[in-house]
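User: Could you walk me through this model? I would like to begin with how the chains are put together and then go into some local detail.

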Amino acid sequence: SNPFEVKVNRQKFDILGRKTKNDVGLPGVSRSKAIKKRNQTLLKEYKEREKTNVFKDKRFGEYNTKITPEEKMIRRFALERQQNYGKKNIYNLNEDEELTHYGQSLAEIEKLNDIVDSDSDTEERGTLSAELTAAHFGGGGGLLRKKVSSEQQDEEEEKPKSRKELIEEMIAKSKQEKQERQTRRESALELTEKLDKDWKEIQTLIARKTPKSERKDKEVEKPKPDEYDMIVRELGFEMKAKPSERLKTEEELAKEEQARLQKLEADRLRRMRGINEQANKKRPSHMSADDLADGFILDKDDRRLLSYKDGKINIENEEEKEEEEGEEEEEEEGEEEDDNEEESQEESAGEDEEDDAADSHSDLESDLESEEEAAGNKEGKKHKANENESQNVEKLDPKSEAAKSELPYTFAVPESYETFKSLLAGRTVEQQLVILERVQKCNHPSLAVGNKAKLEKLFGFLLEYIGELATLDLPELRTIDKLVLPLYNLCQMFPEAASDSIKFILRDAAHDLEEVIEVKGRAAFPGLDTLIYLKIISLLFPTSDFWHPVVTPAFMYMSQLLTKCRITTLQDVIKGLFICCLFLEYVSLSKRFVPELINFLLGVLHISLPKNQAQGYTVVHPFTPVGKNLELLFVCDKEDLKSWEKQNVPLSIVTRLKETSKTEINHIRLSCLALCFDLIKKCAALYESLPSFHEIMHPVRILLTQHVPVNEYPEKMQEWYHSALKELENKVKHYTPLICEKKKPVPLKQYTPKIVKVLEFGRKQAGSKKEQERKQLIQRHKRELKGAIREIRKDNQYLARMQLSEIMERDSARKRKVKELLGSLATQEGEWKAMKRKKWKS
Amino acid sequence: QLPTGLYKKVLVILHDSVLPYMNEPTLMMDFLTVAYGIGGAISLLALNGLFILIHQHNLEYPDFYKKLYSLLDPSIYHVKYRARFFHLTDLFLSSSHLPAYLVAAFIKRLSRLALTAPPEALLMVIPFICNLFRRHPACRVLVHRPGGPADMSEDPYVMEEEEPSESRALESSLWEIQSLQNHYHPDVAKAAAVLNQSLSEMEDDISGLLELSVYELFDKEVKKKAVDVPLEFEQVRGLFGKKNDIFAEHFSLD
């Protein structure tokens, strides 16, 4: 092009291999382009700035260049027809209903009946094709034409015009043909089906007559096509459907159970060491709702397998003993089971049931139960139930459940403690259990939304109820013993709520204690209910954890009880010893050290001695070397000493010491002493591994060896004493000097050079990828902004130019008009003057 | 002589209500010395007044530390004036010029007595002992003795010895604190485990721990929010239904 129109951007340095976009610019071209564009857009807008009307062309395909004009016309026509079609029939109500058969209107079928039926080429068919030919090729044979012409002469005249109509007809007809074909196919299908049926009927006849060689293969199926076949197939299907639900063998079950327990145990150990691993916190798998539902069977499995587990895990202390015990237990259980099975078999015989003995008897029993319920003969049932209860009370026997059929089957969860109490009032223990179980089942959290909160409340009510039972004048401990089961189940379902309510109780108890201490300076031991709560905590929660939201506060509370509560009566001693037992049980797995426990046992030994003993030890709070509580456990009556037999201390003594004879009180004292000896023995076994075991036990040992009047004790007591002492003396003294753990050497701080890849010189590369992207974005935004500003400026310039030119145009037009007017006036004037002059001349 | 109750009351207020207003505080010397010699709680209370006399009035008290040492008995962790006593003991043992054997004897005795202490006292005394180790690096052999004999059949420390210099505390090790690492209270166990590592340079501030009460500890534990509550997986079989239940052996449900 013209070299004067080219602008060259001169490069300062030539760089090899660099490609530049903007070497050469064509300002003239680009300017004209821009102006052109503005003419098309901006100018248009400018000119239409005060106009609100818009012209819209809505004709079909007006701006679509892809459609040929002819097609366009056809489509427009079709559209018009469609629009008109509905309008015509507005007032003709019956027109819409069209009866169809196989998606084909009946009216049409009636009309075209001949065509459908005719297979051969008839004349009419010929006409069809003729019309086709006419459409495509503008007409065919003369015969046809004649016909057509003979039929409708008018049409002939309109032929060139109605080409589109023809095409439409054609389309309609081809559609008809399609439908015909379909109907034919369907009828053929029907026929074949019919044929199949007939064949099947005949087939059996044929099969009977097949030669023997063939028949052999089919013999399996054919002789009894009904039952056997069915069964075989069913079996096959069953196998396919549930390969995973195969009944596991007992070994496998045991293995699974063991694995589960091992996992739980490992989890427990981890918590015991206080290792914090949030990642693998796991809940016990039997928390699921299903497990609760069939707790009957699970219960049994648990028992047996737990004895395995204990045998394995508690290797260190008395492994042999435990294993033996475990075996015994197993045997017992086996016997129990045997009993059960026998029973069930008897019963089943009574019911004339022909079932395999291999069936699990629980299933059988439940079956029986349902049947019996249906039968409704309550008398015999009750009898049986009573027998069962007497045999094993522990289990929730379905029989007893059946016996309580007079209980309603659904219960609402009580909303308040009063309603809860009235629900259980007047019922026997078994009935209470059944009621609680039904309340749980009827209001399972999966059944309705609010059930969870309700059942959580139920846990609190149950706890309160247990507390109330324990504070009764004659504590119903047997009932509590049973009620622990539903409590455990509820706790498994709602651990958070359970822990909260127990914590609440603990806090209340501790608060009361603290208040009493502040007011009086000393406190008394709490009631039996608190002791029962503490015991229940050990049943519901793992007491071996390093830290546990419930157990740790319980520890603190018990420690407070042992150190702060004063000991004035025999009941106080029993309560204290109960708490000692709790402590021992709490730490039995974790073997944690409890100083209060040793102190208390030492104190108990101390008060069993006569006064004025030479001291070689110091007792600490709440026991004093001199004072009221001395000789609380001291027995000097020879007769009582002789007649003593070791007996279990009944817990009801704690709330109410019966007005018993002095002998009995002395016996209880001696039992407490025996308990103390046993606890010392257990402590010694537990703390054996502590490095300062001997220092811990030192005062106890001195007291045992130097002060206890062994020879005055009865023989049984001497046994207890010696076993405790043996456990204490038997330990080897073993000290190794302490050595600190080696500290990991802290590496010196080093300043390694930072290495950055340099991809291209001259470009900014600092920062990470993100930073770079951000910079790029900022740059782009800047560039766009600049461009936009430039464009707007140019637009404004263009518009100003346009306005200017408009004004100039208007001005020039005015000038021209003024000139014209002036000119015409001048000529007028001139003419007028000329006329005047003429007049003068003439 | 005064009755015990009055004695205590007088001694409690002596150091801040009486001594500062006396012209000749040294006149109280005999009274305090006698009180200090009585033993038990009264000795503990007399310490405060004595300290002021020693500190501000140049009282020379022979065998002061020996007396202090003999004051340490199991009841110090249980008495009401525990905070005051440990505050003063902390003061007395803060001097870095004390001989190592003396401090070691104190450490050893305190930790031996800690075996019978309640948790709130343990939470106070363990940092106390740690502080003593920091002030007297020579005592660190008690927790770190790399070249010592591999096995001993007896703790060399003699508890019954009245004279700290002859208690052979420096030959011993702090097995008591090691035992306390197994304490049932998690915080105590953690605090005791600190001695396994070499100590940091900064002293712990024990002024806040002196007044600690069990109820505060309990409250702190109860208010902790647990993320989830681990549960016992062993199926319950009644109140005393656990395996090898101690209760079943000795208690009956009647």
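User: Start with chain B: what share of its contacts with a separation of 6 or more is between residues 24 or more positions apart?

Analyst: In chain B, 72% of the contacts with a separation of 6 or more join residues 24 or more positions apart, where contact means heavy atoms within 4.5 Å. For chain A the corresponding figure is 69%. Please keep in mind that this is a predicted model, in which local features need pLDDT of at least 70 and side-chain atom pairs count only at pLDDT 80 or more, while totals for chains, interfaces and linings use all residues. Residues are numbered from 1 along each chain as its sequence is written, chains are lettered from A and ligands numbered from 1 in the order in which they are written, and side-chain values use heavy atoms, with hydrogens and water left out.

User: What secondary structure does chain B have, and how much of chain B is buried?

Analyst: Chain B has 12 helices and one strand, these being DSSP runs numbered from the N terminus (H or I of at least four residues for helices, E of at least two for strands). Along the sequence the pattern is α-α-α-α-α-α-α-α-α-α-α-α-β. Of its 254 residues, 55% are buried, and here buried means under 20% relative accessible area, exposed over 50%, and partly exposed in between, with a 1.4 Å probe and protein chains only.

User: And chain A, what are the figures there?

Analyst: Chain A comes to 32 helices and three strands, and 33% of its 842 residues count as buried.

User: How confident is the predictor in each chain?

Analyst: For chain B the mean pLDDT (the predictor's confidence in each residue, from 0 to 100) is 83, with 100% of the residues at 70 or more. For chain A the mean is 74, and 69% of the residues reach 70 or more. The complex as a whole is given an ipTM of 0.92 and a pTM of 0.59.

User: Where in chain A is the pLDDT low?

Analyst: Among the elements of chain A, helix H14 (residues 295-313) has the lowest mean pLDDT, 39, whereas helix H32 (residues 769-841) has the highest, 94. Residues 139-158 of chain A are below 50, and that stretch has 12 contacts in the model beyond near neighbours in sequence. Residues 277-404 of chain A also stay under 50, and the model has 133 contacts for them beyond four places in sequence.

User: Back to chain B, how do H1 and H2 cross?

Analyst: In chain B, the axes of helix H1 (residues 4-18) and helix H2 (residues 29-38) come within 12 Å and cross at roughly 120°, the axes being lines fitted to C-alpha atoms over the stretch in contact and the angles running from 0 to 180 degrees between N-to-C directions. H1(B) and H2(B) are therefore oblique to each other, since angles under 35 degrees count as roughly parallel, over 145 as roughly antiparallel, 65 to 115 as roughly perpendicular and the rest as oblique.

User: Which residues meet there?

Analyst: From H1(B), B:Tyr7, B:Val10, B:Leu11 and B:Leu14 meet B:Phe31, B:Leu32, B:Val34, B:Ala35 and B:Ile38 of H2(B). The residues of this contact divide into nine nonpolar, no polar and no charged; Ala, Val, Leu, Ile, Met, Phe, Trp, Tyr, Cys and Pro count as nonpolar, Asp, Glu, Lys and Arg as charged, and the others, Gly among them, as polar.

User: What about H3 and H5 of chain B?

Analyst: The axes of helix H3 (residues 41-56) and helix H5 (residues 82-92) of chain B come within 9 Å and cross at roughly 40°, so H3(B) and H5(B) are oblique to each other. B:Leu44, B:Leu45, B:Leu47, B:Asn48 and B:Phe51 in H3(B) meet B:Arg84, B:Phe85, B:Leu88, B:Leu91 and B:Phe92 in H5(B). That contact divides into eight nonpolar residues, one polar and one charged.

User: Switching topic, is A:Phe583 buried or exposed?

Analyst: A:Phe583 is buried, with a relative accessible area of 0%, and lies in helix H26 (residues 570-586) of chain A. Not counting residues up to four places away in sequence, A:Phe583 touches A:Phe555, A:Met558, A:Ser559, A:Leu562, A:Val594 and A:Leu597.

User: Which phi does A:Lys591 have?

Analyst: A:Lys591 has a phi near 55°, a positive value in a residue other than glycine. A:Lys591 sits in the loop between H26 and helix H27 (595-607) of chain A, and is partly exposed at 24% relative accessibility.
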